[in-house]
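Dear colleague,

I am handing over the structure below, and my notes on what was found in it follow. Please read them with the structure open beside you.

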Amino acid sequence: MKNELVIEQLTQIADLLEIIGESVYKIRAYRKAVDSLQQTAEDIEVIVQEKRVKELPGIGDAIGEKIKEIVVNGKTTYLDKLTQEIPVEVTSLMKVEGIGGKTAGRLYKELGIKSITGLEEAIENGLLAKLSGFTEKKIAKITRALTFVKSERRPLFKMIPIALNLKKFLEGIDLIQSVEIGGSIRRRKSTIRDIDLHAIGKEKDFEQIMDIFSQMDDVEDIVVKGPLKTTVKLMTGINVDLRVLEEHSNGSGLIHSTGSRNHTVKLRTIADRNNLLLNEYGLFDGEGKTLIASETEEEVYKAMGMSYIPPDIREDRGEIELAQKNSLPDLINLEDIKADFHVHTNWSDGKSVIHEMADAAAERNYEYIIITDHFGKNPIYKPMNEEKLTKQRKAIEQIAQSSSVEILQGVECDILKDGSLSISNKLMKDLDFVIASIHSIFDMPEEEMTSRIITAMDNEFVHGIGHPTGRQLGKRGGYSINFSKIIEKCIESKTFLEINAYPNRLDVDDNVVFDFKNKIEFFIGTDSHQHQQLKNMGYGLNIARRAWCEKKNILNTLTSKELLRKLD
DNA sequence: GCCGTTTTCGGCCCGACTGTTTTCAGTCG
């Protein structure tokens, strides 16, 4: 897939336009196009071939042509032209916090600085200090920013506890009435860059609140500090934003802090079109004098003529237009989940025994559970063989007699290098559910990897593909596969894709589910290796909800009878 | 450069913080 290449080049164009001082609207258009592509799981080559590029929001004639050029030639002449004026490396300066296009442009034009190293040298040899406007204070700020590694996106499950600790700390301050976690954590994105906090207090206390916040133990640096908004960098390198408001602005402030940026921009645009003004303080009449709504999010959305939009789907992907028509999807909930489809026990590499898993499922009010221990030859997973499989079946039958949840027997088998499986057809035939997953040889070219998985799906006894991309958040990206082709095969072979809810996997990504949920169905598996991990179903649900899934899109909402009938 | 509940042309979200700015540009979210 050439999606990454297109995104990279359009971003470079936007950066370069910023450096040469082009119209902010033109720059915004390129950034919007990048956003749009980042939300697409489909192969851009396929989109170009089918002449659907301009159907993507924010992409018109000009950018559409450039995308086509990049897909066909690997580059666009427009970028070539821009780089004749400004070398593309100069855009790397904009990665430094506080340096934008204007500053990067001056650094290059006036001092010939092209890179971070060049900038460091110019600071050291005093060249930067000779530039007008680069006072000691400003240089000190840049120097500090240079010591920080650009903060990376981290898995949601690692950020939630950090955010909760901060929330707890702030809630312990008398001057603060309440604290909410906003931003991408509240929207439940799979990976998170910054932590956004929204606090309520009295205006007279704002400065003191910010003093306490910026003096917390694990603050490494204060990035910006004002009475209304403060950003600190923690020693872990994570940026934390705190926005403080008075209680009457709670709803509008929370909408602002939660984002996404594109969602709030769209809301404000609509408000403006209706002669209203929306900001973090509330929804006002056009003059900004009369307050219309602000106390709760529900009130603000309602006053905007919309139904309440859950945080998970605030991404400007059409949810606002649907909310205006009161026809948002009826998002799937935890109560709709009747089973966990991917569970390991001590029959392979799991830590819990079957009945512990069944009990944990019962506690979650599931109707059934599918035990899917490893089957194959890879000793890492202590896999089962034919003999163990037969014994396990007897064990399951026995435990099921005293269990309040139904226990189905499945396996997770390996997709071998050539697409064949680590289990025979004869054995699969008697199993309720077969997940086939890739557990070895990850670095295959896209085409080979895609046909490897497609070969596995061709096996009539395979029901689902486990953790389809193999990504491990914060460790490795997924292997290269072509989703457009995989989905086609899913439809043809009636195979389902997993939403793997193991917190460091979250695989597939919500973009994939969003794009293809009306073509195929998905199942959520926690891939639990001990009974406490069944609670990770929530992470799988986050993905499904972000992808606008309703009950009908997710197999876990079926009863066991309905499921088995469907698999037949 | 994109886009259309008034518009195929004329708009394009809104506000906080920083620096040295005596009224604003740059950057960020």
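To begin with the contacts to the DNA backbone in this predicted model, a backbone N or O atom of Pro227 lies 3.0 Å from a phosphate oxygen of DNA strand B. Two side chains also approach phosphate oxygens of DNA strand B: an N or O atom in the side chain of Asn279 is 2.9 Å from one, and a polar side-chain atom of Tyr281 lies 2.6 Å from one. The elements that give two or more residues to the surface near this strand include helix H2 (24–38), helix H4 (61–73), helix H6 (101–111) and helix H13 (261–273), together with strands such as E5 (219–225), E7 (239–245) and E8 (276–279).

Taking that surface as a whole, 43 residues lie around DNA strand B, and those that come nearest are Arg28, Thr103, Thr135, Arg261 and Tyr281. The residues of the surface divide into 16 nonpolar, 11 polar and 16 charged. On the DNA side, 75% of the atoms of strand B within 4 Å of the protein belong to sugar or phosphate, and the rest belong to bases.

A separate point concerns the cysteines, since the structure holds zero disulfides. Cys490 is in no disulfide, and the nearest cysteine sulfur, that of Cys549, is 14 Å away. Seen from the other end, the closest cysteine sulfur to that of Cys549 is in Cys490, and the 14 Å between them is too far for a bond. Cys490 is buried, with a relative accessible area of 2%, and Cys549 is buried as well, with a relative accessible area of 0%.

With best wishes

Note on methods. Residues numbered from 1 in each chain as written. Chains lettered and ligands numbered in written order. Predicted model: local features only at pLDDT ≥ 70, side-chain atom pairs only at ≥ 80, totals over all residues. Heavy atoms only, no water. Near = heavy atom within 4 Å. Polar contact = N/O pair within 3.5 Å; in protein donor to acceptor, adjacent residues only side chain to side chain. Helix = DSSP H or I, 4+ residues; strand = E, 2+ residues; numbered from the N terminus. Nonpolar A, V, L, I, M, F, W, Y, C, P; charged D, E, K, R; others polar. Disulfide = S-S within 2.5 Å. Buried < 20%, exposed > 50% of the residue type's maximum accessible area, 1.4 Å probe, protein only.
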